[in-house]
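This report looks at a protein model through its strand pairing, its aromatic contacts and its pocket. The structure is shown first, and the description comes after it.

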Amino acid sequence: LPSGGNWSAAANWLPNQVPASGDRVFITNSGTYTVSLAAAASITDLTVGGDSGQQTLANTGHSLLVSGATQVGANGVLQWTGGTLDARGDFAVRGAFEWRAGSLAAQTDVVIQTNGLLLITCAATNTIYGTITNAGLLTISGPGEWRFDSASLDNTFCNRAKSFRW
C-alpha cells in the first residue's frame, strides 16, 4: 500500500481522498494487506475481501458507522480490537470476523455464512446490540466479559434444525 495501509491516507484510495459519509468502500484489491482504521469514520457501504490474497480491515479503537450493507467476502477479514462498529444495513460474513474487544451495534442480523468464521476473544468487555446468526464456525475464548443489550446469538452450525440463544 502506498501509505502503509492507513485508512486516513488519501493516497491509499482511488480517487485520492479519504472515504466520507455517503461513500461506498471496497477493500478488494488482490494481495495480502491490512487497512487500519486510524480515526472515526462514517460510510454508506463496506466490502472487504477480493479475488485472491487476504484483505484485512483492522480497528483498534475507533468508531465506524456503516449506514448500508457490510460484506466480508471469502478472502476478507474484519479484525475488531476496540471501538464501535455501528452496522445499520445487511451484514454478511463469508470470510472472518475476528472480534476481540469493543462494541457491535447491528440494526439487522449479522449473518456468519456457512463457510464463514466468527472468532470472539474476550480480553476485556465485548458488548453487542443486535443479533448474530451463525451458520459457520464459531470460536469463543478469553477471560473477558460479554454484555448483551437487547441482543442474541443464534448458533445454527451444529444442528441446522435448532438454534441456541444466550
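The text below describes a predicted model, beginning with the sheet and ending with the pocket.

The model contains an open sheet of 7 strands, whose pairing is parallel and whose order is β1-β4-β7-β9-β11-β14-β17. At the edges of this sheet lie β1 (24-27) and β17 (152-155), each of which pairs on one side only. Neighbouring strands are turned by 10 degrees against each other on average, with direction ignored. Within the sheet, β11 (residues 110-112) and β14 (residues 131-134) run parallel and are joined by 3 bridges, and Val110 stands opposite Ile132 in β14.

The aromatic pairs number 3 in the model. One of them, between Trp7 and Trp13, is edge-to-face, with 5.3 Å from centre to centre and 75 degrees between the planes; both Trp7 and Trp13 are buried. Elsewhere, ring pairs link Phe91, Phe97 and Trp99 into a cluster.

Trp13 also appears at the largest pocket, which holds about 450 Å³ of space and is lined by 20 residues, with Asn12, Trp13, Leu14, Phe26 and Ile27 lying nearest its centre. The elements that give two or more residues to this lining are β1 and β2 (33-37), and the largest share, 4 residues, comes from β1, which is also an edge strand of the sheet. The composition of the lining by class is tabulated here.

| Class in the lining of the largest pocket | Count |
|---|---|
| Nonpolar | 12 residues |
| Polar | 6 residues |
| Charged | 2 residues |

Note on methods. Residues are numbered from 1 along each chain as its sequence is written. This is a predicted model: local features need pLDDT of at least 70, side-chain atom pairs count only at pLDDT 80 or more; totals for chains, interfaces and linings use all residues. Side-chain values use heavy atoms; hydrogens and water are left out. Rings of Phe, Tyr and Trp (its six-membered ring) pair if their centres lie within 6.5 Å; planes under 30 degrees apart count as stacked, over 60 as edge-to-face and the rest as tilted. Buried means under 20% relative accessible area, exposed over 50%, partly exposed in between (1.4 Å probe, protein chains only). Two strands pair if DSSP finds at least two bridges between them. Axes are lines fitted to C-alpha atoms, for helices over the stretch in contact, and angles run from 0 to 180 degrees between N-to-C directions. On a 1 Å grid over the protein atoms alone, a cavity is a set of points where a 1.4 Å probe fits but cannot get out, and a pocket is an open set with protein on both sides within 12 Å along at least five of seven lines; lining residues have an atom within 4 Å of a point. Grid points are joined across faces, edges and corners, and a volume is the space filled by probe spheres set on the points. Ala, Val, Leu, Ile, Met, Phe, Trp, Tyr, Cys and Pro count as nonpolar, Asp, Glu, Lys and Arg as charged, and the others, Gly among them, as polar.
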